[in-house]
Amino acid sequence: MIIDCHGHFTTEPPEHHAFRAAQVAYAEGKSSELPVYPGIPDKQLHDIIEANQLKIQRERGSHVTLLSPRASGMGHHVPGLSVAKEWSRLSNDNVGRIVDMFPDNFAAVCQLPQTVDGDLSDVIEELERCVGNGFVGCNLNPDPSGGRWSAPPIYDPWWDPMWEAMVALRVPAMIHVSSSCERCLHMTGAHYINADTAVFMQLIQGDLFERHPELKLIIPHGGGAAPYHWGRYRGLSIMLEKPGLDTHLMNNLFFDTCVYHQAGIDTLFRVVDTKNILFGSELLGAVKATDPETGHPFDDTKRYIDHLALDDSQRQAVFEGNARRVYPLLDERLRGRGL
C-alpha cells in the first residue's frame, strides 16, 4: 500500500471561494453583511474528487491520501475568532464528507481556527470535534500572522496545551503555514519553505520533545532547507549545548517527500534516515506544472522514490509503515477496513 501523507482539497467550486471572499470582507470591515455558506451538493463534491484528486491518485499509483483543506486558504491572519471558527468547521466538514464518500481512498486531516491574537482553547475544541468525527491528524500553523512571525516559537510553553491535547488524542501535526501577507514572501516558493526551516531551528533551540516525548510532528516539503544544511544544524546544536539531532529531534520529527526533483529527493534520503521520511506529494498542491526536462509533473514524487536504491523494508517504511506509525488513528482506520 502507498499512503500519501500530504494532500489538500484544492479544487473547491467557485461558490466556496465566493463565500470566503465575502467572509473576509466582513471580517475586515469592508462589508456589513455576514455571508451564508451555500454548501456544496454531494454529487458536485463527488464529481470534483473523481475528476481530480482520485483520478491522479489512481494514475500515479498511490492508494490512500491524507486529505486536508487547502493550506493557503486557512487564512489565519484574517481577523476575528468567530470567522476563523466558522471557516475551519465548514472546510473540515467538506473534507469529512469527501472521506465518507471515498473511505478506501482518503483519510481526513483538519485545519484549526488559529488567529493572530487568539489563545488555543478554540483550536483544541475544533481538534477534539474533528478527531471525534474520524479525523486522524491536524495541520498546525506556527505563524498565524502570515509571515510576520508574531507567535511564540513552538518550543515556548504557550503551545503546551496544544501538544498535550494532541498526545491525549493520539494525533500528530503537520507544521504548515498558510498564505503570506508580505509581498516579499512568495507563498509557496518562499513562505512555505522558510517556515519549514524556521521551525526546524526552533526545535533545535528548545526542549519540546524532552517535555513531550510522545509528541510527533511532520515538517512538510522535505523539511525545507534542513536536509541541505544538515551540517549547519548539527554544528548549531553543538554550539547551543543540545544533544545530537538524532536524539534531540529525530525520535519525534518526520519529513515528507514533497521535493520536486530527483537530486533533491536523493539528498533527502542521503541525509535523513528512512524511518523519518513519509511519502507525500502535496497532491494538487503547490506546483501544477510539467518538468520539460523529464516530461513528467513536478509533483509526481513517487517517480523519484522509485528511482532510489531502497531495499524492500525501506520502501515499505517510506510508502506505508512510517505513516501508519506516525498516524496511529490512520492505522486503526485502515485495519478496521481490512487494509
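**View 1. Surroundings of helix α3 in the predicted model.** Among the elements that cover the buried residues of α3 are the strands β1 (3-9), β2 (64-69) and β3 (106-110), together with the helices α2 (42-51) and α12 (301-306); the model shown here and in the views that follow is a predicted one. The residues of α3 (residues 53-60) that are buried are Gln53, Leu54, Ile56, Gln57 and Arg60. These residues lie on the same side of α3, because the arc that they cover around the axis is only 165°. An α-helix has 3.6 residues a turn, so residues three or four places apart point the same way. On the face of α3 that is turned away from the buried side, the exposed residues are Arg58 and Glu59. Just after the helix comes Gly61, which takes a positive phi of about 90°.

**View 2. Gln23 in helix α1.** This close-up is centred on Gln23, a residue of helix α1 (residues 14-27). Gln23 counts as buried, because its relative accessibility is 0%. Its side chain makes a polar contact with the side chain of Glu86, at 3.0 Å. When neighbours within four places in sequence are left aside, the residues in contact with Gln23 are Pro35, Val83, Glu86 and Trp87, so that Glu86 appears both in this list and as the partner in the polar contact.

**View 3. The open sheet and its edges.** The sheet is an open one, formed by 8 strands in the order β1-β2-β3-β4-β5-β6-β7-β8, and the pairing is parallel. At the edges stand β1 and β8, and because each has a single partner strand, one side of each is left without a neighbour in the sheet. Strands of a sheet pair through backbone hydrogen bonds, either parallel or antiparallel. Within this order, β3 is joined by 2 bridges to strand β4 (residues 137-140), and the two run parallel. Here Val109 stands opposite Gly137 in β4.

**View 4. Strand β7 and its two partners.** From strand β7 (residues 253-256), Leu253 and Phe255 point one way, whereas Phe254 and Asp256 point the other way, and all of them are buried. In a regular strand the side chains alternate between the two faces of the sheet. One partner of β7 is strand β6 (residues 217-219), with which it pairs in the parallel sense over 3 bridges, and Ile219 is found opposite Phe255 in β7. The other pairing shown is with strand β8 (residues 277-278), which is joined to β7 by 2 bridges and runs parallel to it, with Asp256 standing opposite Leu278 in β8. Together with helix α11 (residues 262-271), the strands β7 and β8 make a β-α-β unit that is right-handed.

**View 5. Cysteines without disulfides.** The count of disulfides in the model comes to 0. For Cys138, the closest cysteine sulfur is that of Cys110, and the distance of 5.3 Å is too far for a bond, given that a disulfide calls for cysteine sulfur atoms within 2.5 Å. Cys138 is buried, with a relative accessible area of 1%. Cys181 is likewise in no disulfide, and the nearest cysteine sulfur, which belongs to Cys184, is 11 Å away. With a relative accessible area of 24%, Cys181 is partly exposed, whereas Cys138 is buried.

Conventions
Residues are numbered from 1 along each chain as its sequence is written. This is a predicted model: local features need pLDDT of at least 70, side-chain atom pairs count only at pLDDT 80 or more; totals for chains, interfaces and linings use all residues. Side-chain values use heavy atoms; hydrogens and water are left out. Buried means under 20% relative accessible area, exposed over 50%, partly exposed in between (1.4 Å probe, protein chains only). Helices (H or I, at least four residues) and strands (E, at least two) are DSSP runs, numbered from the N terminus. The arc is that of the directions from the helix axis to the C-beta atoms. Contact means heavy atoms within 4.5 Å. A polar contact is a pair of N or O atoms within 3.5 Å; within protein, one must be able to donate a hydrogen and the other to accept it, and residues adjacent in sequence count only if both atoms are side-chain atoms. Two strands pair if DSSP finds at least two bridges between them. A crossover is right-handed if, with the strands pointing away from the viewer, the path from the first strand over the helix to the second runs clockwise.
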